[in-house]
Amino acid sequence: MAITHPADLTTAKLENTIGTRCALGDGVPQNYGLAAQWFDKAALHGYAKAEYNLGMQYYFGQGVSKDRTKAAYWWEKAAAQGIAAAQYNLGNLYFLGQGVPQDYGKASLWWRKAAALGNTQATRNLATLARLHPEYQTVAAVEKKTVGAP
């Protein structure tokens, strides 16, 4: 759900900025728990950058319990809004089967989206996947093998 109301966007951007400052200790004492709370507030507005950041908090267990399933949930929301880093990370989760069922087809699809947005590591991962599993070399083959593709 992308933000449609300008006031919500302004609020979400501010909440995400506060969360980032708390996570980095930028002008305030570093506090991952507080950062996660602010990212959560912004993510609930549908703000993609906050969804990505909240996914990072869950992935690394910073300020919240480590939870790869929740990381995947938030990264998928951000990835659907075109955040390349979330697409890349989501591809990694599908490749490794962390927090989601292992699915090379979905890994490939998310990496392709990230690569199309300029993520060079996604491009390298696609090459590695194609070398290890040649059946995933083409987009058509991936779409045929992937049920419920994003």
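The following legends describe several close-up views of a predicted model.

**View 1. Packing of helices α3 and α5.** Helix α3 covers residues 48-60, and helix α5 covers residues 84-96. The two helices pack at an angle of about 35°, and their axes lie 10 Å apart. The crossing of α3 and α5 is left-handed. On the α3 side, the residues that meet α5 are Tyr 52, Met 56 and Tyr 59. Their partners in α5 are Ala 85, Ala 86, Asn 89 and Leu 93. Sorted by class, the contact of α3 with α5 comprises six nonpolar residues, one polar residue and no charged residues.

**View 2. Surroundings of Asn 89 in helix α5.** Asn 89 has a relative accessible area of 13%. Because this value is under 20%, Asn 89 counts as buried. When neighbours within four places in sequence are left aside, Asn 89 is in contact with Tyr 52, Met 56 and Trp 75. Among these residues, Tyr 52 and Met 56 belong to the α3 side of the contact between α3 and α5.

**View 3. Packing of helices α6 and α7.** Helix α6 is formed by residues 104-116, and helix α7 by residues 120-132. The angle between α6 and α7 is about 145°, with a distance of 8 Å between their axes. Their crossing is left-handed. Helix α6 contributes Tyr 104, Ser 108, Trp 111, Arg 112, Ala 114 and Ala 115 to the contact, while α7 contributes Ala 122, Thr 123, Asn 125, Leu 126 and Leu 129. Seven of the residues in the contact of α6 with α7 are nonpolar, three are polar and one is charged.

**View 4. Surroundings of Leu 126 in helix α7.** Leu 126 is buried, with a relative accessibility of 14%. Not counting residues up to four places away in sequence, Leu 126 touches Ser 108, Trp 111, Arg 112 and Ala 115. The last of these, Ala 115, is 11 residues from Leu 126 in sequence, and the two C-alpha atoms are 8.8 Å apart in space.

**View 5. Two aromatic pairs, Tyr 73 with Trp 74 and Phe 95 with Trp 111.** Five aromatic pairs are found in a search of the whole structure. In one of them, Tyr 73 and Trp 74 are arranged edge-to-face, with 4.9 Å from centre to centre and 85° between the planes. Tyr 73 is partly exposed, at 45% relative accessibility, whereas Trp 74 is buried, at 9%. The ring centres of Phe 95 and Trp 111 are 5.5 Å apart and their planes stand at 40°, so this pair is tilted. The pair links distant parts of the chain, with Phe 95 in helix α5 and Trp 111 in helix α6, 16 residues apart. Phe 95 counts as partly exposed, at 22% relative accessibility, and Trp 111 as buried, at 1%.

**View 6. An aromatic cluster of Tyr 59, Phe 60 and Trp 75.** These three residues form one aromatic cluster. Tyr 59 is also one of the α3 residues that meet α5, and Trp 75 is one of the residues in contact with Asn 89.

**View 7. Lysine residues over tryptophan rings, at Trp 38 and Trp 110.** The charged end of Lys 41 sits over the ring of Trp 38, at 5.5 Å from the ring centre. Lys 113 lies over the face of Trp 110, with a distance of 5.8 Å to the centre of the ring.

How values were computed. Residues are numbered from 1 along each chain as its sequence is written. This is a predicted model: local features need pLDDT of at least 70, side-chain atom pairs count only at pLDDT 80 or more; totals for chains, interfaces and linings use all residues. Side-chain values use heavy atoms; hydrogens and water are left out. Axes are lines fitted to C-alpha atoms, for helices over the stretch in contact, and angles run from 0 to 180 degrees between N-to-C directions. Helices (H or I, at least four residues) and strands (E, at least two) are DSSP runs, numbered from the N terminus. A crossing is left-handed if the near helix is turned anticlockwise from the far one by less than a right angle, and right-handed if clockwise. Contact means heavy atoms within 4.5 Å. Ala, Val, Leu, Ile, Met, Phe, Trp, Tyr, Cys and Pro count as nonpolar, Asp, Glu, Lys and Arg as charged, and the others, Gly among them, as polar. Buried means under 20% relative accessible area, exposed over 50%, partly exposed in between (1.4 Å probe, protein chains only). Rings of Phe, Tyr and Trp (its six-membered ring) pair if their centres lie within 6.5 Å; planes under 30 degrees apart count as stacked, over 60 as edge-to-face and the rest as tilted. A charge sits over a ring if NZ of Lys or CZ of Arg is within 6 Å of the ring centre and within 35 degrees of the ring normal.
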